[in-house]
Amino acid sequence: MTFERLEEIKKLLNEYNYQYYVLDNPTVSDQEYDRLMQELQSIEMAHPEWITADSPSQRVGGQVLDSFTKVTHQRMMLSLGNIFNEDELREFDDRIRETYPNVEYVCELKIDGLAVSLVYADGHLDYGATRGDGTVGEDITHNVKTIKSIPLTIDYDGDFEVRGEIYMPKKSFNELNRQREEAGEALFANPRNAAAGSVRQLDSTIAAKRGLDAFLYMVPTAAEVGCTTHKEALDYIKKLGFKTNPMTRVCQNIQEVWAFILEMTEKRQTLPYEIDGIVIKVNNLEYQERLGYTAKVPKWAIAYKFPAEEVVTKLKDIIFT
Ligand SMILES: NC(=O)c1cnc(OC2CCCC2)nc1N
C-alpha cells in the first residue's frame, strides 16, 4: 500500500511539475500540490530506503557541498561569434550561401543567462555542468535539480546530453533584489549575474529559493537520434519533456531573419526574461557539420547583439527595482 502510494504520488507530482513549469499551464492548485508533497515527504521520512534520485522531494535542495567538482565535457561547449548590424548579417549569409545557396535559418532569442550542459544516463539526470572554459566546467547538479522545469528523468535509454541556458526571470530578479535591499545586502546588477551567483552556491537550498529557470536549445547528438535539422532537434527535446523557447522561428532567407530581429527588438522589453540578442543558426545539421568551426566558434551560427541599452535605463532599473 504505502510503497504503491509513494510511486503514485511521485508520478502525479512529476506530471504536475511538467504542466506548471514546462508548459506554464498548471492543472492543480498550489494547495493540492503542497499537500501531495507533504504526503511524499512523510512517506520518505518513514522509509528513507525508498528515496530515489528522481523523487520530486529531491528538488527542494538541502545538499551542501564543501566544494565544486570539475566536469570535462564530452564535446566542447562553444561560444558564439557576434555581429551588430544588418550589413554584418548579410556578410554572414553571403558566406554561407556561397556553399549553400538555399540555406534555411533558425532564429532563437539569445537568453541572457549562463550556459549549462545536462547529461542523462538511462533516463535519469546524471549531472549538470557549467560551460567553464568550454572543455572543463563545474558540476552544479545539486542546484540544477532545484530548477523545476528541468526533468529529473526522461524517456530515453543510454546516454543523452542536452544544452541550454539557465536564467533568472525578471520577476524573480526583482523579488530577489527587493529582499536583498531590505536585508541591506548588495544588489545584483542584472539577472545574468544573479543566475550565475545562484548556481555557484554550494548550498542548494539557496538556489532552490532563487526562482531559476532554463531553456534548452542544443542537442549535440541530434543527427545520431535521427534529426536532419536543428528545428527537429528542438522538437525532439520538447517531446522528451524539456522546456524550449516558444519564440523560436524558422526563416527561409536572411530577409526573414532581419524581420525577426526587428520584431524582437520591439518586443524585447515585454519578455518575462532578459535577452541580449538573437542567435541565428543554419537549420540543416549536415550543412552545420560541413561548415564547421573556427578556433572556438561555429561558422554555422552567429549571435546578433542588440545595441547596449541606454545607461540611463540601466540605472533607472537598478534604482527603481
Ligand atoms: N544564450 C542563448 O540563448 C543561446 C546560446 N547559444 C546557442 O547556440 C550556440 C551553442 C553552441 C553553438 C550555437 N543558442 C542559444 N539560444
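Reader: Which strand gives the most to the shell around the ligand?

Author: In this predicted model, S3 gives the most to that shell, with 4 residues, while S3, S8 and S10 each supply at least two residues of it. The ligand is surrounded by a set of residues that includes Glu108, Leu109, Lys110, Ile111, Glu165, Tyr217, Met218, Val279 and Lys281, and a residue belongs to such a set if one of its heavy atoms lies within 4 Å of the molecule.

Reader: What makes the pair formed by Ile111 and the ligand a polar contact?

Author: A polar contact is a pair of N or O atoms within 3.5 Å; a backbone N or O atom of Ile111 lies 2.8 Å from an oxygen atom of the ligand, so the pair falls within that cut-off. By the same cut-off, a polar side-chain atom of Glu165, at 3.3 Å from a nitrogen atom of the ligand, and a polar side-chain atom of Lys281, at 3.0 Å from a nitrogen atom of the ligand, also qualify. The protein covers 94% of the 390 Å² of accessible area that the ligand has on its own.

Reader: How do you know that the buried residues of H8 line one face of the helix?

Author: The buried residues in H8, which spans 230-239, are His230, Ala233, Leu234 and Ile237. Seen down the axis of H8, these residues fall within an arc of 100°, and therefore they line one face of the helix. They pack against strands S3, S7, S8 and S10 and against helix H10, and just after H8 comes Gly241, with a positive phi of about 110°.

Reader: Why is Gly226 called exposed?

Author: Exposed means over 50% relative accessible area, and Gly226 has 59%, so the word applies. Gly226 sits in the loop between S8 and H8, and its C-alpha is 9.5 Å from that of Tyr236, 10 residues away in sequence.

Reader: Why is Asn143, by contrast, called buried?

Author: Buried means under 20% relative accessible area, and Asn143, with a value of 0%, therefore meets that condition. Asn143 belongs to helix H4, and its side chain reaches the backbone oxygen of Val199 at 2.9 Å. Leaving aside neighbours within four places in sequence, Asn143 is in contact with residues including Ser198, Val199, Arg200 and Asp203.

Reader: What makes the largest group of nonpolar residues a core, and which residues have the most contacts inside it?

Author: A nonpolar core is a set of buried residues of listed nonpolar types joined through side-chain atoms within 4.5 Å, and the largest such set has 36 residues, with Leu118, Tyr120, Phe160, Ile166 and Phe242 having the most contacts inside it. Strands S4, S7 and S8 and helices H5, H6 and H8 each supply at least two residues of this core. Not counting residues up to four places away in sequence, Phe242 touches, among others, Val22, Leu118, Tyr120, Phe160, Leu216 and Ile237. Apart from this core lies another, of 32 residues, among them Ile96, Tyr105, Phe260 and Leu291.

Reader: What is the phi of Asp122, and why does this residue count as exposed?

Author: Asp122 has a positive phi of about 45° although it is not a glycine, and it is found in the loop between S4 and S5. At 53% relative accessibility, Asp122 is over the 50% cut-off and so counts as exposed. Asp24, in the loop between H1 and H2, also has a positive phi, near 50°, and with a relative accessible area of 58% it is exposed.

Terms used: Residues numbered from 1 in each chain as written. Predicted model: local features only at pLDDT ≥ 70, side-chain atom pairs only at ≥ 80, totals over all residues. Heavy atoms only, no water. Buried < 20%, exposed > 50% of the residue type's maximum accessible area, 1.4 Å probe, protein only. Arc of directions from axis to C-beta. Contact = heavy atoms within 4.5 Å. Polar contact = N/O pair within 3.5 Å; in protein donor to acceptor, adjacent residues only side chain to side chain. Areas by Shrake-Rupley, 256 points an atom, 1.4 Å probe, with all protein chains shown as cover.
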